[in-house]
Amino acid sequence: MENGFNIWSFNGKLLYRILKDHFFQFLWRPRPPSFLSPEKEEEIAKNLKKYSKKYDVQDQDISVLLSEQDREKRKQLKDDWERWVNEWKKYHEEEKEARRALRDGEDSDVEEEYEAKEVEVEEELDVKEEVIPDA
């Protein structure tokens, strides 16, 4: 079994091929060198809670703004839907007499007046007789 790993460059050139016995998993994420000096990194680590509070407030403000925008969008979609439904109800009401005329005066808009009928139709499509010889 060939256990090990390969390291490739960004353009597909094989840089390293390392074979190892009992090798099962390799996790790696390259990290670029920091632009900060070690002193600046230490200062940031010491004041992390202060920075965290500042950015938490900004995150909360953004979250509230997005939530308001989301609510406005949902309200607009609901209003559009209700407008569309009302237009179709109006159209349906305007066409009521035309539907009644097509059905010889019968009102087809009342659902309670419908009668469901179940009809079964059996039809023989083909008959073929075949003699099967005894084996």
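**Ring pairs and salt bridges along helix H2 and beyond**

Lys75 comes out as partly exposed, with a relative accessibility of 48%. In this predicted model, the partner of Lys75 is Asp79: the two form a salt bridge whose closest N and O atoms are 3.2 Å apart. Both residues belong to helix H2, where 4 residues, or about one turn of the helix, separate them. Asp79 is partly exposed too, at 26%. Another bridge joins Lys78 to Glu82, with 4.0 Å between the closest N and O atoms. Here again both residues lie in helix H2 and sit 4 residues apart, about one turn. Lys78 is exposed at 52% relative accessible area, while Glu82, at 37%, is partly exposed.

Moving on to helix H3, the side chains of Glu97 and Arg100 meet in a salt bridge at 3.4 Å, N to O. These two are 3 residues apart in helix H3, about one turn of the helix. Glu97 is exposed, at 51% relative accessible area, whereas Arg100 is partly exposed at 26%. The count for the model comes to 7 salt bridges. Helix H3 also holds Arg99, which counts as buried because its relative accessible area of 16% falls under the 20% cut-off. Leaving aside neighbours within four places in sequence, Arg99 is in contact with His92, Ser108 and Asp109.

Now for the rings. A search of the whole structure turns up 4 aromatic pairs. One of them is Phe5 with Phe23, a tilted pair with 5.6 Å from centre to centre and 40° between the planes. Phe5 is in strand E1 (residues 4–8) and Phe23 in the loop between E2 and H1, so this pair ties together parts that lie 18 residues apart in sequence. Phe23 is buried, with 19% relative accessibility. Trp81 and Trp84, by contrast, make a stacked pair: their centres are 5.3 Å apart and their planes 25° apart. Both tryptophans are in helix H2 (residues 48–94), 3 residues from each other, which is about one turn of the helix. Trp81 is exposed at 53%, and Trp84 is partly exposed at 44%.

The tryptophan pair is part of a bigger picture, as ring pairs link Trp81, Trp84, Trp88 and Tyr91 into a cluster. Those four residues also make a nonpolar surface patch of about 520 Å². Trp88 is again a helix H2 residue, and its relative accessibility of 46% makes it partly exposed. A ring also features in a charge contact: the charged end of Lys50 sits over the ring of Tyr51, 5.5 Å from its centre.

Back in the loop that holds Phe23, what is the sign of phi at His22? Phi is positive there, at about 60°, although His22 is not a glycine. Most residues other than glycine have a negative phi. His22 is placed in the loop between strand E2 (14–19) and helix H1 (38–46), and is exposed, with a relative accessible area of 70%.

Finally, Glu124 belongs to the segment after helix H3 (96–102). Glu124 is exposed, at 65% relative accessible area. How far apart are Glu124 and Asn3 in space? The C-alpha to C-alpha distance is 68 Å, for two residues that are 121 residues apart in sequence.

Definitions and conventions:
Residues are numbered from 1 along each chain as its sequence is written. This is a predicted model: local features need pLDDT of at least 70, side-chain atom pairs count only at pLDDT 80 or more; totals for chains, interfaces and linings use all residues. Side-chain values use heavy atoms; hydrogens and water are left out. Buried means under 20% relative accessible area, exposed over 50%, partly exposed in between (1.4 Å probe, protein chains only). Rings of Phe, Tyr and Trp (its six-membered ring) pair if their centres lie within 6.5 Å; planes under 30 degrees apart count as stacked, over 60 as edge-to-face and the rest as tilted. A charge sits over a ring if NZ of Lys or CZ of Arg is within 6 Å of the ring centre and within 35 degrees of the ring normal. Patches are made of residues with over 30% relative accessible area and no salt bridge: like charges are joined within 9 Å, nonpolar side chains (Val, Leu, Ile, Met, Phe, Trp, Tyr) within 5 Å. Accessible areas come from the Shrake-Rupley method with a 1.4 Å probe; for residues, only the protein chains shown count as cover. Contact means heavy atoms within 4.5 Å.
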